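Let's take a friendly walk through a protein structure. Please keep the sequence and the 3D view open while you read.

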Amino acid sequence: MSKYLLDKFLYTIDRDPELVERYRTNPVETVTWWEDEYARKLLNCHSGEATTWLAFEEAERLALVNQDYAALFELGAHPFLTLTLFIALFERDYDEPLGFQLAYANALQGWLGRPYPDFSTP
Amino acid sequence: MAKIAAIIASTHHPFFYRTSTMPVDQRPAFAEEWITKVAAFRETLTTARPDLLVLVGSDHFHQLWLDNMPQFLVGNAPVYDANWYNEEREFGMPKMVLQGNVELSNHILRSGLDLGFDLAFSNELRLDHSVTCPIITLRPQNDLPVVPVYTNIFAPPLPQPERFVALGRALRQIVERWESKLRVAIIGTGHLSLELGGPRQFGPHGPDSEFDRAAVEWIASGDVETALANIDLDMLAKPGNATHGFMDFLLMMGVAGEGAKADYVDSLDLFHTMEAYFTWYPKEA
């Protein structure tokens, strides 16, 4: 389980307009590239060192490749990070204001009345 | 000594800027009432004639990240750039530059550490909408220096609610002991019930109107004791998964003081979340 790494993916993609577009249009390539080249970067730090041990589990990788926000919610990705990035990916596909945000809420209706997945890290 | 000219607590709604600046004929139905209420709220700060603003808010995973997460952080810089690409993208927030006041930053850090708060600091801090929303609503001319104070309401483990109240009490004492002739307004923004990235998000009202009504009453009456008796970190997840932002209101209740009734109270039931606005004028100001 690597909730921290899921969050790191969402965080680093979301703050870079080029990566947002790359992930929107080519999720398989972006997730593979990111896990190989970016996942172990120490953020906000010089580039001379890297983390040695961070990797996705298969279910996490699949949720990102499929851009499956319901699966990310269940896996314990931080809900704010998922929401923010996915609005950037999909809001444009809906005609009505807040159409995507409401569809997103609707996809998670099964969680109503139940404790939500724990998004504390790692 | 410095004077606390006003203590202000409010929700921060990043959509206000876009709503209030779009052409009148394109505005949503709720815009007029919202803009009118914000204008009245703004007057409560203007009347206090502040020279400087202490701004309490919470970074939304912009600069502060999980590899190095402070619980409480004080900005200590002469200038702050503000607002981020993804806030521009999602909310239409403008890029901003705010002037700082290093003397007060240093005083808060030194005094806070000596009072038992292990405050982190940043000499290069880019602010986000948790502290720029109140500039847009309360001081749109952005002409006053600020000292930002960030709290962690986002990345567990979080400090306990009592700790937010205690920091608010300390912040008041610290500002009142600052050797300065300036008039300081302490402004903090948080949330009432709020859901982000969950099944109750973006509904016609906030996710828990009952919590919102109770919370507004606690804040308006300065009833810290009842507020703390009714919440804890687990409970705050129930009204909505981002309701821990209420702890920034608790901090401001600590600044205002136990039993301090707000001099100005207003609220507005909007889609997604309830807006709420409070102002206290300390008697000595």
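This report goes from the interface to the open spaces and then to some local details.

## A predicted model

Before we start, please keep in mind that this is a predicted model. The numbers below were computed from that model.

## Where the two chains meet

Let's begin with the interface. On one side, 23 residues of chain B take part, and they are in contact with 34 residues of chain A. The size of an interface is often given as the accessible area lost when the parts come together. Here, chain B and chain A bury about 2600 Å² between them. Of that area, 65% is on carbon and sulfur atoms.

What about charged partners? Side chains of opposite charge can pair when their charged atoms come close. Between chain B and chain A, the count is 1 salt bridge. Its partners are Arg89(B) and Asp14(A), whose closest N and O atoms are 2.5 Å apart. The interface also has 10 residue pairs in polar contact, with both residues of each pair at pLDDT 80 or more. On the side of chain B that touches chain A, the residues divide into 10 nonpolar, 8 polar and 5 charged.

## The largest pocket

How much space lies in the largest pocket? The volume is about 700 Å³. There are 30 residues lining this pocket, and the closest to its centre are Phe119(A), Leu233(B), Ala237(B), Asn241(B) and His244(B). Try finding those five in the 3D view: the list has names from chain A and from chain B.

By class, the lining of the largest pocket has 19 nonpolar residues, along with 6 polar and 5 charged ones.

## Enclosed cavities

Next come the cavities. Searching the whole structure turns up 6 cavities of 30 Å³ or more. The largest cavity holds about 220 Å³ of space. Which residues lie nearest the centre of the largest cavity? They are Pro14(B), Phe91(B), Leu194(B), Leu196(B) and His272(B), out of 17 lining residues.

Two elements give two or more residues to this lining: helix H6 (79-90) of chain A and helix H3 (85-91) of chain B. H6(A) provides the largest share, with 3 residues. Sorted by class, the lining of the largest cavity has 8 nonpolar, 8 polar and 1 charged residue.

## Salt bridges in the whole structure

Over all chains, the structure holds 13 salt bridges. One of them was described above, between Arg89(B) and Asp14(A). Another joins the side chains of Glu58(A) and Arg61(A), at 2.6 Å from N to O. Both of these residues lie in helix H4 (residues 58-65) of chain A. They are 3 residues apart, about one turn of the helix.

## Details of the backbone

Finally, let's look at the backbone. Which peptide bond of chain A is cis, with omega near 5 degrees? That description fits the bond from Thr121(A) to Pro122(A). Pro122(A) sits in the segment after helix H7 (99-107) of chain A. In chain B, the bond from Pro156(B) to Pro157(B) is cis, with omega near 5 degrees. Pro157(B) belongs to the loop between strand S7 (146-151) and helix H6 (161-176) of chain B.

One more residue to look up is Leu98(A). Its phi is positive, about 65 degrees, although Leu98(A) is not a glycine. You can find Leu98(A) in the loop between H6 and H7 of chain A.

Methods:
Residues numbered from 1 in each chain as written. Chains lettered and ligands numbered in written order. Predicted model: local features only at pLDDT ≥ 70, side-chain atom pairs only at ≥ 80, totals over all residues. Heavy atoms only, no water. Contact = heavy atoms within 4.5 Å. Buried area = accessible area lost by both parts, 1.4 Å probe. Salt bridge = Lys/Arg side-chain N within 4 Å of Asp/Glu carboxyl O. Polar contact = N/O pair within 3.5 Å; in protein donor to acceptor, adjacent residues only side chain to side chain. Nonpolar A, V, L, I, M, F, W, Y, C, P; charged D, E, K, R; others polar. 1 Å grid on protein atoms, 1.4 Å probe; cavity = no way out; pocket = protein on both sides within 12 Å on 5 of 7 lines; lining within 4 Å. Points joined across faces, edges and corners; volume = space filled by probe spheres on them. Helix = DSSP H or I, 4+ residues; strand = E, 2+ residues; numbered from the N terminus.
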